[in-house]
2 protein chains.
Amino acid sequence: MGILAVGSVALDSVKTPFGQEEEVLGGSATYFSTAASYFTDVSIVAVVGEDFPEQHISFLQKLGIETAGIERRPGKTFRWKGEYGFDLNTAKTLDTQLNVFADFLPKLLAEQRKLEFLFLGNIDPDLQRNVLEQMERPKLVACDTMNYWIGNKLDSLRKTLARVDILVINDAETRQLAREANLVRAARVILGWGPRTLIIKRGEHGCLMIDRKSAFGTPAFPLEEVVDPTGAGDSFAGGFLGYLAATRANDQAALRKAVVFGSVMASFNVSEFGPRRLAALTYAEIEARFREFRELTHFEDI
Amino acid sequence: MGILAVGSVALDSVKTPFGQEEEVLGGSATYFSTAASYFTDVSIVAVVGEDFPEQHISFLQKLGIETAGIERRPGKTFRWKGEYGFDLNTAKTLDTQLNVFADFLPKLLAEQRKLEFLFLGNIDPDLQRNVLEQMERPKLVACDTMNYWIGNKLDSLRKTLARVDILVINDAETRQLAREANLVRAARVILGWGPRTLIIKRGEHGCLMIDRKSAFGTPAFPLEEVVDPTGAGDSFAGGFLGYLAATRANDQAALRKAVVFGSVMASFNVSEFGPRRLAALTYAEIEARFREFRELTHFEDI
């Protein structure tokens with residue numbers, strides 16, 4: 001058991017209406033693995049530069065995350081700079097410096113190839129398949145992507161999608177990928193390309209999971225304080241896949257609970273800058289919010 | 001028992017990416033009462049012009065709706081013309097002709113004053129209070145409003161809100177009314193002004209009900225075919241208040257089921273132009289979709 005997470009480990013500079021922070025630990029692999037670490041073992045494949053602070057490696061290690069696969073290469077670490085307005089749903093990217101991430105060629109350690117669960121974070125779909133091919137026999141593969149790859153590498157992305165079990169993307173990406181405005185029809189198009197489950201993240205509006213036979217919808221947790229939405233989607237994916245890996249279950253009931261655990265982790269993550277709040281949780285807090293989600297969504301039969 | 005609904009009865013010309021229709025029966029009182037008619041008795045207070053087709057009155061009567069309070073006055077009927085793009089969440093108003101609606105002064109019939117449930121559709125908040133004052137002793141008052149009244153008649157609207165139990169508005173209106181970007185904090189501000197329950201409609205993203213002690217969230221029903229969203233909010237309100245009036249219950253469990261019945265009615269309404277689909281339902285179809293909502297949102301405890 002245990003999850004292999006491939007993605008970015010980055011330094012983020014983020015400004016929101018509620019403050020700003022420079023060069024905090026970020027990246028899809030960081031948020032994913034921090035969230036997943038509460039449920040199961042996680043091992044990262046990523047690349048950082050010579051300037052990457054050692055304290056960030058320690059931060060991940062203290063959560064029990066395996067960091068041996070984080071390669072340190074000559075050059076600078078991937079940096080992203082973004083800003084959110086009062087509508088915290090969409091970030092405006094101010095600057096992207098790929099640095100060592102531009103030449104990222106994931107090379108899995110021997111023990112990583114044996115892992116049963118794989119999260120393909122939002123990277124070039126060519127690299128996502130490259131990672132897939134290095135795995136011995138993954139039991140469950142989840143994948144993220146973004147508008148850039150849909151627009152510029154659709155053929156490659158389609159090849160990746162043919163080989164993943166679960167695609168986790170947002171609603172705008174779902175429509176763009178399927179070229180279909182109706183979300184349910186868009187989901188059906190994408191399910192025809194390979195994934196057996198599509199999870200559509202809708203930010204403050206919650207989440208919709210669709211497969212060939214059923215749909216599951218849940219609102220986001222209503223929060224009075226949203227400080228920084230960066231990493232919410234990857235925190236969601238970490239809680240989601242973390243729960244599935246921990247329970248080794250794969251049925252509809254488990255998938256639904258996994259979606260709620262994903263929503264729980266995302267709801268904690270947005271309450272502080274960086275993965276700070278996410279890293280300071282207890283499992284009791286996670287379970288308590290899971291139960292608050294039940295209280296939020298429950299209604300009786302007629 | 002029974003509901004008094006005050007609002008517009010109009011002729012709508014609507015264009016969506018899926019077609020267009022001219023001068024179909026519309027208006028807030030129409031959609032509300034059509035939806036509510038499946039649950040309880042409804043009586044309308046509204047005004048139409050000399051040109052209003054008699055067949056539309058028959059349409060409402062066939063649903064068992066009391067139309068004696070629809071006053072016919074010299075002049076033309078209220079007309080609205082709007083267009084929706086592929087993002088079906090917001091209508092672009094192309095033309096509004098108030099006509100006889102400009103001088104609308106609701107005058108309740110003797111039997112209407114005795115009704116126990118009141119829906120104040122989206123009209124001038126001065127008129128909403130005028131209607132309230134004509135009622136003998138309403139048990140439950142629900143109210144809608146819109147950005148125009150928030151922007152132009154805030155003082156009057158605040159006076160109306162002080163006297164209603166339940167406010168049903170959309171998320172943008174919630175933020176505008178409270179002057180607060182965070183939806184949960186905005187809800188708390190508005191609850192401080194009078195209503196004990198706030199229902200925030202989020203279009204395709206579902207609905208959030210907030211009171212001083214709890215929150216209930218539900219997604220919209222995922223539909224493969226949305227033809228015309230006109231009247232979805234009033235259909236929601238009709239299902240919601242209709243269920244509460246029919247059961248005469250007012251506790252949290254009943255309010256939650258009422259929100260789901262509202263969502264059910266809205267989901268049917270958007271699948272055809274005008275209130276056509278809404279008027280052709282059976283109660284068995286309504287119950288079946290209620291159960292589909294449970295299937296859509298249910299997840300097990302941990």
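Chain A carries an open sheet of nine strands, with mixed pairing and the strand order 5-4-1-8-9-10-11-12-13. Keep in mind that this is a predicted model. Here's a quick tour of that sheet, the helices that sit on it, and how the two chains relate.

**The sheet in chain A**
- Strand 5 (70-73) and strand 13 (215-218) of chain A are the edge strands; each has a single partner strand, so one side of each is left without a neighbour in the sheet.
- From one strand to the next, the twist averages 15°.
- Look at strand 9 (residues 140-143) and strand 10 (residues 166-170) of chain A: they run parallel and are joined by two bridges.
- For A:Cys143, the bridge partner in strand 10 of chain A is A:Leu167.

**Helices on the sheet**
- Helix 1 (residues 28-36) of chain A packs on the sheet, where it touches strand 1 (3-6), strand 4 (42-49) and strand 8 (117-120) of chain A.
- The direction of helix 1 makes about 155° with that of strand 4 of chain A.
- Helix 7 (residues 171-178) of chain A also packs on the sheet, touching strand 10 and strand 11 (197-201) of chain A.
- With strand 10 of chain A, the direction of helix 7 makes about 110°.

**How the two chains relate**
- A turn of 180° with a shift of 0.0 Å along the axis lays chain A on chain B, with an RMSD of 0.0 Å.
- The two copies are therefore related as by a two-fold rotation axis.
- Both copies use the same surface for contact: 100% of the contact residues of chain A recur in chain B.

How values were computed:
Residues are numbered from 1 along each chain as its sequence is written. Chains are lettered from A and ligands numbered from 1 in the order in which they are written. This is a predicted model: local features need pLDDT of at least 70, side-chain atom pairs count only at pLDDT 80 or more; totals for chains, interfaces and linings use all residues. Side-chain values use heavy atoms; hydrogens and water are left out. Copies are superposed by least squares on the C-alpha atoms of residues with pLDDT of at least 70 in both. Contact means heavy atoms within 4.5 Å. Two strands pair if DSSP finds at least two bridges between them. Helices (H or I, at least four residues) and strands (E, at least two) are DSSP runs, numbered from the N terminus. Axes are lines fitted to C-alpha atoms, for helices over the stretch in contact, and angles run from 0 to 180 degrees between N-to-C directions.
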